[in-house]
Amino acid sequence: MAKKNYFVHKSSCVDKGVKVGKGTKVWHFCHLIEGSEIGRGCKIGQNVVIGPDARIGDNVKIQNNVSVYKGVVLEDDVFCGPSCVFTNVFNPRSAVPRMDEIRSTLVKRGASIGANATIVCGSVIGRSAFIGAGSVVTKDVMDYALVYGNPAKQHGWMCECGEKLGFKAGRAKCSGCGKTYEKSGLKVRKRTV
């Protein structure tokens, strides 16, 4: 039997058929359900459920008490704060089976989701977007957007490093890391030199 190149705490359960990447750490009381894929270098906090058939990229950090259900895809470098919530059925009822009506949710590379935020299924969270703690996301969020509230509304733009951007004449330079951005209409993109 091959030696594992990842860590799983003894109180956690990893079902047969789950793929876990090198260097990933799975802490107390987690359940990784059949068919799920977890990338390299991830940190999976206490009491996290992943799956079935969920996809987690590389270097993703999922804090305590998060469930990543079927239909949810987290790309590389995503941060999920404590107790954030992903749904996968839009109109659930206990007496009406709807697992054939799952709506997918995509969280793009580098996005951060604050503690206790709820992501209603069918949403796309853009690259490096920032969802404030306690927010309820009911629609797509653009790349680099800062959103918060219930329902979540856009209140600005964020750098890849997590600092808020201030635009002047359609351009912004991050005060934290120095990266530059351009705004055209409702979209923001990182400038490449």
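User: Which class does W27 fall in: buried, partly exposed or exposed?
Analyst: This is a predicted model, where local features need pLDDT of at least 70, side-chain atom pairs count only at pLDDT 80 or more, and totals for chains, interfaces and linings use all residues. Residues are numbered from 1 along each chain as its sequence is written, and side-chain values use heavy atoms, with hydrogens and water left out. Buried means under 20% relative accessible area, exposed means over 50%, and partly exposed lies in between (1.4 Å probe, protein chains only). W27 has 35% relative accessibility, so W27 counts as partly exposed.

User: How many aromatic pairs does a search of the whole structure find?
Analyst: Rings of Phe, Tyr and Trp (its six-membered ring) pair if their centres lie within 6.5 Å; planes under 30 degrees apart are stacked, over 60 edge-to-face, and the rest tilted. Searching the whole structure gives a count of two.

User: What kind of pair do the rings of F7 and W27 make?
Analyst: Their centres are 4.9 Å apart. Their planes stand at 50°, so the pair is tilted.

User: How many residues apart in sequence are F7 and W27?
Analyst: Strands (E, at least two residues) are DSSP runs, numbered from the N terminus. F7 is in strand β1 (residues 7-8). W27 is in the loop between β4 (25-26) and β5 (31-32). This pair links distant parts of the chain, with a separation of 20 residues.

User: What is the angle between the planes of Y144 and Y181?
Analyst: These two rings form an aromatic pair, 5.2 Å centre to centre. The pair is edge-to-face, and the angle is 70°.

User: Are Y144 and Y181 buried or exposed?
Analyst: Y144 lies in the loop between β20 (136-137) and β21 (145-148), and Y181 in strand β25 (residues 180-184), so their pair ties together parts 37 residues apart in sequence. Both Y144 and Y181 are buried.

User: Which strands stand at the edges of the open sheet?
Analyst: Two strands pair if DSSP finds at least two bridges between them. Six strands form the sheet, in the order β3-β6-β9-β12-β15-β18, with parallel pairing. An edge strand has a single partner, so one side of it lacks a neighbour in the sheet; these strands are β3 and β18.

User: Which residue in β12 stands opposite R55?
Analyst: β9 and β12 pair in the parallel sense, over two bridges. Opposite R55, in β12, stands V73.

User: How many salt bridges are there?
Analyst: Side chains of opposite charge can pair when their charged atoms come close. A salt bridge is a side-chain nitrogen of Lys or Arg within 4 Å of a carboxyl oxygen of Asp or Glu. By this rule the count is 13.

User: How far apart, N to O, are the side chains of D53 and K70 in their salt bridge?
Analyst: D53 is partly exposed, with a relative accessible area of 34%. K70 counts as partly exposed too, at 33%. Their salt bridge, N to O, spans 3.7 Å.

User: Which residues does I102 touch, leaving out those up to four places away in sequence?
Analyst: I102 is found in the loop between β14 (85-86) and β15 (105-107). At 23% relative accessibility, I102 counts as partly exposed. Contact means heavy atoms within 4.5 Å. The partners are K70, G71, N88 and V89.

Conventions. Helix = DSSP H or I, 4+ residues; strand = E, 2+ residues; numbered from the N terminus.
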